Amino acid sequence: MACAGPAGGRQRVSMQEHMAIDVSPGPIQPIHLISDYFPHFYPFLEPVLCAPDPQVAPAIHSAPQLQPNPEPEGDSDDSTALGTLEFTLLFDVDNSTLHCTAHRAKGLKPPASGSVDTYVKANLLPGSSKASQLRTRTVRGTRGPVWEETLTYHGFTHQDAGRKTLRLCVCEDSRLRRRRRAPPLGELRVPLRKLVPNRARSFDICLEKRRLTKRPKSLDTARGMSLYEEEEMEAEVSGEERGRILLSLCYSSQRGGLLVGVLRCAHLAPMDANGYSDPFVRLFLHPSSGKKSKYKTSVRRKTLNPEFNEEFFYAGHREELAQKALLVSVWDYDLGTADDFIGGVQLSSRASGERLRHWRECLGRSDRRLELWHLLDSVPPQLGD
C-alpha cells in the first residue's frame, strides 16, 4: 500500500503497519467454559464438545448404577448369623437343684476361618460371676459341636427361680490353640420364672452378641481400666448375698444326741484376690457343756461351691438341746493371717422361718434325717441371741 508523503512522493506502508493502525476486531465472541477444555469422565453424562462415538456410547450407557454399600455382616442385627444353641432346663424342687443340659450348637460363626474349639459357660444373674459359673467340656474342631452334658446348680429355690436369669455363652477355648482370650461367640439369657417345677423344658434359641454395661464410677480408678464390663460383674460388686449352706439334722435315739451334717455350700462370696475362697465350716453349740461343743470341717481349696459331706455329733437329751443354739459359720482360710468371715446361720428355738422349722422338726422326731438349705447372713451369729 502507498500513500502521499510530505514532499509529494509516495511512501510504502507494510501490511503489519497497516494492521496496527486500522484494526477492526468486530463483536466480541464468548469463550468456551474452561471445563470444556479438560476431559472429565462422568458415567451418566455425554460429552459436550463432540458428538458421542457410536462405539463408546453403549459402554457409557451400560455403566452400573451406584448402589449404597450394604451394612457389614458383622454388624447385622440378624442374630441367626451367630448360630443357635439347643439345651434343656429342669427345676428339681425336691432336691433344690437346677439342671441345665447343653445338647448342641449349630451354625457357629467364629471370627477366624476354619474349625473352632468350643464349650458352654453358664452363669446365674444376678450374683457373683465365679460363684455361679459352670462350664462343659471342650469339643474340638467343629462348628456344630455336640456336648450332651448336664450342669447342676445346687441350693436352687423358688425364690431364685422368681428373680434370677440363666446366662449361657458359647465360648472358644483359646488355650488349646495358644491364642489370646477371645469374647464369646454368642450368648443367650433365659428368665427362670418361666420354668414349671419338676418339668423339663427344651429350648432352641438363637445366639446374640455379648451385652456390656458401663463400669460403676467407684471402680473406675485404676489407670487403663476398661469403661465397660460384663453385666454380671455389677452384681458381684453389690454383694447381693454371701452364699448358702446345706445342713442335715437328725436326733439319734440310739446314740442319745444330735447328728449335724455339713453337706455342701453354694454361691459363696469370693474373699481372695483370685476371685475364689478356701472355705471351711465351724460349728458351735451354745451354751457349751463340754469340750465337744466346737467342730471344724476340712478346708476346700479355691472354690465357691465346696462339697464337705462331714458329720458331727453332740451328746444330750432332746429337752436339753431344745434350749441351746447351733451356730454355723463359713470362713475363708488364710495362711499366716486371720481367717475371713464369709457368712453364718443360727438354728435355735428363737430363730424364725426355715431355721426355726428345721430345728423344731429335727428335735420333734427321732431317727429322721432332715436336709435343708439356709441363706448365710453377712453378720457373724451372736452368742447372746
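Is Asp367 buried, partly exposed or exposed? In this predicted model, Asp367 is partly exposed, with a relative accessible area of 47%. The cut-offs place that value between the two other classes, because buried means under 20% and exposed means over 50%. The residue sits in the loop between α6 and β20, the latter spanning residues 370-375. Its backbone is marked by a phi near 55 degrees, a positive value in a residue other than glycine.

A second non-glycine residue, His267, also has a positive phi, of about 55 degrees. His267 belongs to the loop that links β14 (257-266) to β15. Its relative accessible area is 9%. His267 therefore counts as buried, since the cut-off for that class is under 20%. Asp367, by contrast, is partly exposed at 47%.

The overall fold can be summarised briefly. The protein has 385 residues, and 38% of them count as buried. Its secondary structure consists of six helices and 20 strands. Among contacts with a separation of 6 or more, 63% join residues 24 or more positions apart. The exposed surface comes to about 23400 Å². Carbon and sulfur atoms supply 53% of that area.

One sheet was examined strand by strand. It is open and holds four strands, in the order β16-β15-β18-β19. The pairing is antiparallel. Strands β16 and β19 (340-348) stand at the edges. Each has a single partner strand, so one side of each lacks a neighbour in the sheet. From one strand to the next, the twist averages 15 degrees.

Strand β15 covers residues 279-286. It is mostly covered, with six of its eight residues buried. In the sheet order, β15 stands between β16 and β18. Its pairing with β18 (residues 325-332) is antiparallel and extends over eight bridges. Within this pairing, Leu285 has Leu326 of β18 as its bridge partner. On the β16 side, three bridges join β15 to residues 294-296, again in the antiparallel sense. There, Phe284 stands opposite Lys294 of β16.

Strand β18 also pairs with β19. This pairing is antiparallel and comprises eight bridges. Trp331 has Phe341 of β19 as its bridge partner. Helix α6 (residues 353-364) packs on the sheet. The helix touches three of the strands, namely β15, β18 and β19. Its direction makes about 55 degrees with that of β19. The loop that holds Asp367 lies between this helix and β20.

Two cis peptide bonds complete the description of the backbone given here. One joins His286 and Pro287, with omega about -5 degrees. Pro287 lies in the loop between β15 and β16. His286 is the last residue of β15, which runs over residues 279-286. The cis bond thus falls at the exit of that strand, on the way to β16. The other cis bond runs from Leu125 to Pro126, with omega near -5 degrees. Pro126 is placed in the loop between β5 (118-125) and β6 (134-135).

Strand β15 links several of these features. The loop from β14 to β15 contains His267, and the loop from β15 to β16 contains Pro287. The strand itself pairs with β18 over eight bridges and with β16 over three. It is also touched by α6.

Terms used:
Residues numbered from 1 in each chain as written. Predicted model: local features only at pLDDT ≥ 70, side-chain atom pairs only at ≥ 80, totals over all residues. Heavy atoms only, no water. Helix = DSSP H or I, 4+ residues; strand = E, 2+ residues; numbered from the N terminus. Buried < 20%, exposed > 50% of the residue type's maximum accessible area, 1.4 Å probe, protein only. Contact = heavy atoms within 4.5 Å. Areas by Shrake-Rupley, 256 points an atom, 1.4 Å probe, with all protein chains shown as cover. Pairing = 2+ DSSP bridges. Axes fitted to C-alpha atoms, helices over the stretch in contact; angles between N-to-C directions.
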